[in-house]
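This note is written for a reader who is meeting this structure for the first time. Please keep the sequence and the model in view while reading the points in turn.

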Amino acid sequence: MLVLAGLTGGCSPGAPPAATPEQTTTASQPTTPQPVARQVEVRLTCATGDDEAPCAFRPDDVSVSVGGVVRWVNDDATFHTVTSTASPQVRRPSGRFHGVLDRTGETFTVRFAEEGTYAYYCQPHAEFMAGIVRVVPE
Ligand SMILES: [Cu+2]
């Protein structure tokens, strides 16, 4: 019953497939300025599925307005800390803040009164578990 092929096709051996213009429309989306949150939540999880970084802060980069609050929540029973460091590269306690979240559901909250960029990390997982809080004007 495959008659159509003969009727409509015409014999064009080796006809090149219609060139589909490869559109590289991976243009960066314009980032619409969003109002800065006054309160942000960061989850501590060890269900990352990444062997290199089995635990992580999610998200690991947040912005909050001056005077705003960041709340960290431990999503599982792993012992974590939220420890400020002067440098994201050299992870050493800076003394600005330090929270211990040693069980599921435990939280730690910091209010950021001053504009700036605040790096922090988890002491037991310092090699791969770190984050940034950006405190920006409203
Ligand atoms: Cu940790």
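The numbered points below go from the model as a whole to its sheets, its core and some single residues.

1. Confidence in the model. The structure is a predicted model. Its chain has a mean pLDDT of 86, and 76% of the residues reach 70 or more. Residues 1-12 deserve caution: pLDDT stays under 50 there, and the model shows 0 contacts beyond four places in sequence for this stretch.

2. Overall composition. The chain contains 1 helix and 9 strands. Followed along the sequence, these elements give the pattern α-β-β-β-β-β-β-β-β-β. Of the 138 residues, 20% count as buried. As for contacts between residues at least 6 apart in sequence, 64% of them join residues at least 24 apart.

3. The sheet of five strands. In which order do the 5 strands of this open sheet lie? The order is β3-β9-β8-β5-β6, and the pairing is mixed. At the edges are β3 (61-65) and β6 (93-101), each of which pairs on one side only. Neighbouring strands in this sheet are turned against each other by 25 degrees on average, direction ignored. As general background, the strands of a sheet pair through backbone hydrogen bonds, either parallel or antiparallel.

4. The pair β8 and β9. Within the five-stranded sheet, strand β8 (residues 116-121) and strand β9 (residues 130-136) run antiparallel and are joined by 6 bridges. To locate this pairing in the model, the reader may look for Ala119, which stands opposite Ile132 in β9.

5. The sheet of four strands. A second arrangement is an open sheet of 4 strands, ordered β2-β1-β4-β7, again with mixed pairing. Its edge strands, β2 (56-58) and β7 (107-111), each pair on one side only. From one strand to the next, the twist averages 20 degrees.

6. How the four strands are joined. Which strands of this sheet run parallel, and how many bridges join them? Strands β1 and β4 run parallel, with 6 bridges between them. Strands β1 and β2, by contrast, run antiparallel and are joined by 3 bridges. Leu44 takes part in both pairings: Leu44 stands opposite Asn74 in β4, and its bridge partner in β2 is Phe57. On the other side of the pattern, 5 bridges join strand β4 (residues 69-74) to β7, and these two run antiparallel. One bridge there links Val73 with Thr107 in β7.

7. The nonpolar core. The largest nonpolar core has 20 residues, of which Val70, Trp72, Phe112, Met129 and Val133 touch the most other members. Two or more residues come from each of β1 (39-45), β2, β4, β8 and β9. In soluble globular proteins, nonpolar side chains tend to be buried together. Met129 is a useful residue to inspect: leaving aside residues up to four places away in sequence, Met129 touches Cys55, Ala56, Phe57, Tyr121 and Cys122.

8. Two residues of strand β8. Gly116 lies in strand β8, and so does Ala119. Is Gly116 buried or exposed? Gly116 counts as exposed, because it has 11 C-beta neighbours inside 10 Å and the limit for this class is 12 or fewer. Ala119 has 19 other C-beta atoms within 10 Å and is therefore partly exposed; a buried residue would need 20 or more.

9. Distances and contacts around these residues. Gly116 and Val136 are 20 residues apart in sequence, yet their C-alpha atoms are 6.8 Å apart in space. Ala119 and Arg134 are 15 residues apart along the chain, with 8.7 Å between their C-alpha atoms. Beyond residues up to four places away in sequence, Ala119 touches Thr85, Ser87, Pro88, Ala130 and Ile132.

10. A cis peptide bond. Most peptide bonds are trans. Here, however, the bond joining Arg58 and Pro59 is cis, with omega about -10 degrees. Pro59 is placed in the loop between β2 and β3. The reader is invited to find this bond in the model.

How values were computed. Residues numbered from 1 in each chain as written. Predicted model: local features only at pLDDT ≥ 70, side-chain atom pairs only at ≥ 80, totals over all residues. Pairing = 2+ DSSP bridges. Axes fitted to C-alpha atoms, helices over the stretch in contact; angles between N-to-C directions. Core = buried A, V, L, I, M, F, W, Y, C linked by C-beta atoms within 7 Å. Contact = placed C-beta atoms within 7 Å. pLDDT = per-residue confidence, 0-100.
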